[in-house]
Amino acid sequence: MMMKVKPMLAVALLCGACLAPATLQAQAAAKPVAIQFAKGASSKVIKGSIRGDQGRLYTINIKAGQTLKVKMVTSNGSSYFNITAPGAQQALFIGSTEGNSYSGVVPSSGNYTIDVYLMRNAARRNETANYTLTVSAT
């Protein structure tokens with residue numbers, strides 16, 4: 001017995017499968033780590049490693065008008081980070097299109113999320129990325 005699939009349903013299912021980014025999978029599995037500066041410091045260096053569809057989420061609580069700087073040095077050319085403002089649906093900064101360095105005045109106060117991830121091509125191959133994040137808020 002041959003099963004008929006409605007063309008629009010088939011297209012929707014295929015598009016959904018193609019568009020599911022590795023970062024969404026990584027976000028679901030990762031628990032955010034709060035970035036705390038040492039007393040009197042305004043920056044922190046974080047070293048880490050991700051593999052496959054793993055990702056790392058970091059949060060930093062900063063006030064509107066402060067300058068947030070994030071720089072990542074990574075061993076894998078397919079590893080990036082995104083920054084999302086508190087309550088935002090879209091990223092403020094997308095590393096895969098803008099590079100591995102961000103500096104900007106934040107528009108609102110609260111917890112900003114830094115999502116370190118591997119692009120889908122590298123995640124599928126279960127590649128590893130060792131990285132160093134330098135995060136500062138002034």
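Which side chain does the side chain of Ser49 join in a polar contact, and at what distance? I opened the notebook with that, and I note at once that the model is predicted.

**Entry 1: Ser49.** I looked up the side chain of Ser49 and found a polar contact of 3.1 Å that joins it to the side chain of Asn130. I placed Ser49 in strand E2, which runs over residues 43-51. I then listed the contacts of Ser49, leaving aside its neighbours within four places in sequence, and obtained Arg56, Thr128, Ala129, Asn130 and Tyr131. For Thr132 I took the C-alpha separation from Ser49, which is 8.7 Å, although the two residues are 83 residues apart along the chain. I also asked whether Ser49 is buried, exposed or partly exposed. I entered Ser49 as partly exposed, because its relative accessibility is 31%, between the limits of 20% and 50%.

**Entry 2: the sheet.** I next traced the sheet to which strand E2 belongs, and found an open sheet of four strands in the order E2-E9-E4-E7, with antiparallel pairing. I marked strand E2 and strand E7 (101-105) as the edge strands, since each of them pairs on one side only. For the twist I noted an average of 15 degrees from one strand to the next.

**Entry 3: strand E4 and its two partners.** I followed strand E4, residues 67-74, toward E7, and recorded antiparallel pairing over five bridges. Within this pairing I found Thr67 opposite Val105, and I found Ser103 of E7 as the bridge partner of Lys69. I then turned to strand E9, residues 128-137, with which E4 pairs in the antiparallel sense over seven bridges. Here I picked out Val70, whose bridge partner in E9 is Val135. As a reminder for reading such pairs, I wrote down that in a regular strand the side chains alternate between the two faces of the sheet.

**Entry 4: salt bridges.** How many salt bridges does a search of the whole structure find? I ran through the whole structure and came away with one. The salt bridge is made by the side chains of Arg125 and Glu127, with an N to O distance of 2.7 Å. I checked the accessibility of both partners: Arg125 counts as exposed because its relative accessibility is 52%, and the limit for that class is over 50%. Glu127, by contrast, has a relative accessibility of 23% and therefore counts as partly exposed, buried being reserved for values under 20%.

Technical notes. Residues are numbered from 1 along each chain as its sequence is written. This is a predicted model: local features need pLDDT of at least 70, side-chain atom pairs count only at pLDDT 80 or more; totals for chains, interfaces and linings use all residues. Side-chain values use heavy atoms; hydrogens and water are left out. Two strands pair if DSSP finds at least two bridges between them. Helices (H or I, at least four residues) and strands (E, at least two) are DSSP runs, numbered from the N terminus. Axes are lines fitted to C-alpha atoms, for helices over the stretch in contact, and angles run from 0 to 180 degrees between N-to-C directions. A salt bridge is a side-chain nitrogen of Lys or Arg within 4 Å of a carboxyl oxygen of Asp or Glu. Buried means under 20% relative accessible area, exposed over 50%, partly exposed in between (1.4 Å probe, protein chains only). Contact means heavy atoms within 4.5 Å. A polar contact is a pair of N or O atoms within 3.5 Å; within protein, one must be able to donate a hydrogen and the other to accept it, and residues adjacent in sequence count only if both atoms are side-chain atoms.
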